[in-house]
Amino acid sequence: MTPAATATTTLALAVLVALAAFAGPFALALALALLVALVAVGWPALLSLPSPRGTTAVVVLAGLGAVATGTAVVGADRDALGAGPLAGVPAVAALALLAAFVHQLARRDGRPRLVESVSGAVTGQALGVLAACWTAVPATYAGAPLAPVVLVAVCAAAAVCATSWPLRVAGPAAVAAGALTGWLAGSATVALGGAGIVPPARWAVAGLIAGAGAGVAVSAWRAHSARLPAAGALPAAFAVAAAPVCLAGGGAYLVGRLLLL
């Protein structure tokens, strides 16, 4: 898969998540489950990890568990539960870490490259947990309109990183493109009447900060993934395309909680 095709896949996944954020918790959970599956299936091939089936299993269990937990809490009466929308996700992350070590204990191949296998699996699990943060974005004061504001910045940064520019040029350009696109998307949200109960002046600032953060994440991911030999081959390329959308989930939730109050 070429860099342009990878960026196009990122765009398609971002559009799917943005639309699902407006369609309700169940639709959003299904979209996030697809992201988790793409990362889990392609992750061992992308990093050339030993015991690929076990790694895929622990990554997909962590991601789906976090998504299911976040969706369940968001759909429940949080006042009655006395919990925030992501209250159960840290427990899932902790159990996922234990599962990664159990997976290594269960290996019967002599456990070559043990540290690499553990660190690779835990990194994949972290992407799944960050993807689960999207479940809580519609529950912030900003609501579902925050999702397209952040994701359009992810797409802009991914488009810049898909060019043949050297990283020293593409990195700052991706951050600038993400920040500008996020600012424009935040301003457009206010103009279209989607500000909700959030003060309109905060949307542009939130879009700017979220967009810059998306640019940093996407450019850093390009710097890492571009050096991996399997990055252009399926299914590893799908993991490369899905990772920026997963990474943006944590940042989107932070922006919704801290800036758009």
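Student: Let me get the terms straight: helix axes here are lines fitted to C-alpha atoms over the stretch in contact, and angles run from 0 to 180 degrees between N-to-C directions. With that in hand, at what angle do α7 and α10 pack?

Tutor: Keep in mind that this is a predicted model. In it, α7 and α10 pack at about 135°, and their axes are 10 Å apart. That angle makes α7 oblique to α10.

Student: And what hand does the crossing of α7 and α10 have?

Tutor: The crossing is right-handed.

Student: Which residues make that contact?

Tutor: From α7 you have Leu146, Val150, Leu151 and Val154, and α10 brings Pro244, Val245, Ala248, Ala252, Val255 and Gly256. Sorted by class, the contact of α7 with α10 has nine nonpolar residues, one polar and no charged ones.

Student: OK, what about α1 against α7? How close do their axes come?

Tutor: The axes of α1 and α7 come within 9 Å, crossing at roughly 180°. Angles over 145 degrees count as roughly antiparallel, so that is what α1 is to α7.

Student: Who's touching whom there?

Tutor: On the α1 side, look at Ala7, Thr10, Leu11, Ala14, Val17, Ala18, Ala21 and Phe22; facing them from α7 are Ala147, Pro148, Leu151, Val154, Cys155 and Ala158. By class, the α1 contact with α7 has 13 nonpolar residues, one polar and no charged.

Student: And how do α1 and α10 pack?

Tutor: Helix α1 (residues 3–23) and helix α10 (residues 236–258) have axes 8 Å apart and pack at an angle of about 45°. That makes α1 oblique to α10, and the crossing is right-handed. Thr6, Thr9, Thr10, Leu13, Ala14 and Val17 come from α1, while α10 supplies Ala237, Phe238, Val240, Ala241, Ala242, Pro244 and Val245.

Student: What's the class make-up of the α1 contact with α10?

Tutor: That contact has 10 nonpolar, three polar and no charged residues.

Student: I'd like to zoom in on Ala242 of α10. Is Ala242 buried or exposed?

Tutor: Ala242 counts as buried, because its relative accessibility is 0%. Setting aside neighbours within four places in sequence, Ala242 is in contact with Leu13, Leu35, Leu38 and Val39. Take Val39: the C-alpha atoms of Ala242 and Val39 are 6.4 Å apart, although the two residues are 203 apart in sequence.

Student: Switching topics: how many aromatic pairs are there?

Tutor: The structure holds one. The rings of Trp43 and Trp221 have centres 6.0 Å apart and planes at 10°, so they count as stacked. The pair links distant parts of the chain, with Trp43 in helix α2 (residues 25–47) and Trp221 in helix α9 (residues 200–225), 178 residues apart.

Student: Are those two tryptophans buried or exposed?

Tutor: Trp43 is buried, at a relative accessible area of 2%. Trp221 is buried too, with 11%.

Student: Now the backbone. Which peptide bond is cis, with omega near 0°?

Tutor: That is the bond from Leu234 to Pro235. Pro235 sits in the loop between α9 and α10.

Student: Why would I stop to look at that, or at a positive phi?

Tutor: Because most peptide bonds are trans, and most residues other than glycine have a negative phi.

Student: So where is Ser48, and what is its phi?

Tutor: Ser48 lies in the loop between α2 and α3 (52–75), and its phi is near 55°, a positive value in a residue other than glycine. Ser48 is partly exposed, with a relative accessible area of 43%.

Student: And Arg111, what is its phi?

Tutor: Arg111 has a positive phi of about 55°, and it is not a glycine. You'll find Arg111 in the loop between α5 (89–106) and α6 (114–132). At 35% relative accessibility, Arg111 counts as partly exposed.

Student: Last one: where is Gly143?

Tutor: Gly143 is in the loop between α6 and α7 (146–161). With a relative accessible area of 11%, Gly143 is buried. Not counting residues up to four places away in sequence, Gly143 touches Val137 and Pro138. The C-alpha atoms of Gly143 and Leu260 are separated by 9.6 Å, with their positions 117 residues apart along the chain.

Methods. Residues numbered from 1 in each chain as written. Predicted model: local features only at pLDDT ≥ 70, side-chain atom pairs only at ≥ 80, totals over all residues. Heavy atoms only, no water. Phe/Tyr/Trp six-rings, centres within 6.5 Å; stacked < 30°, edge-to-face > 60°. Helix = DSSP H or I, 4+ residues; strand = E, 2+ residues; numbered from the N terminus. Buried < 20%, exposed > 50% of the residue type's maximum accessible area, 1.4 Å probe, protein only. Parallel < 35°, antiparallel > 145°, perpendicular 65-115°, else oblique. Left-handed = near helix turned anticlockwise from the far one by under 90°. Contact = heavy atoms within 4.5 Å. Nonpolar A, V, L, I, M, F, W, Y, C, P; charged D, E, K, R; others polar.
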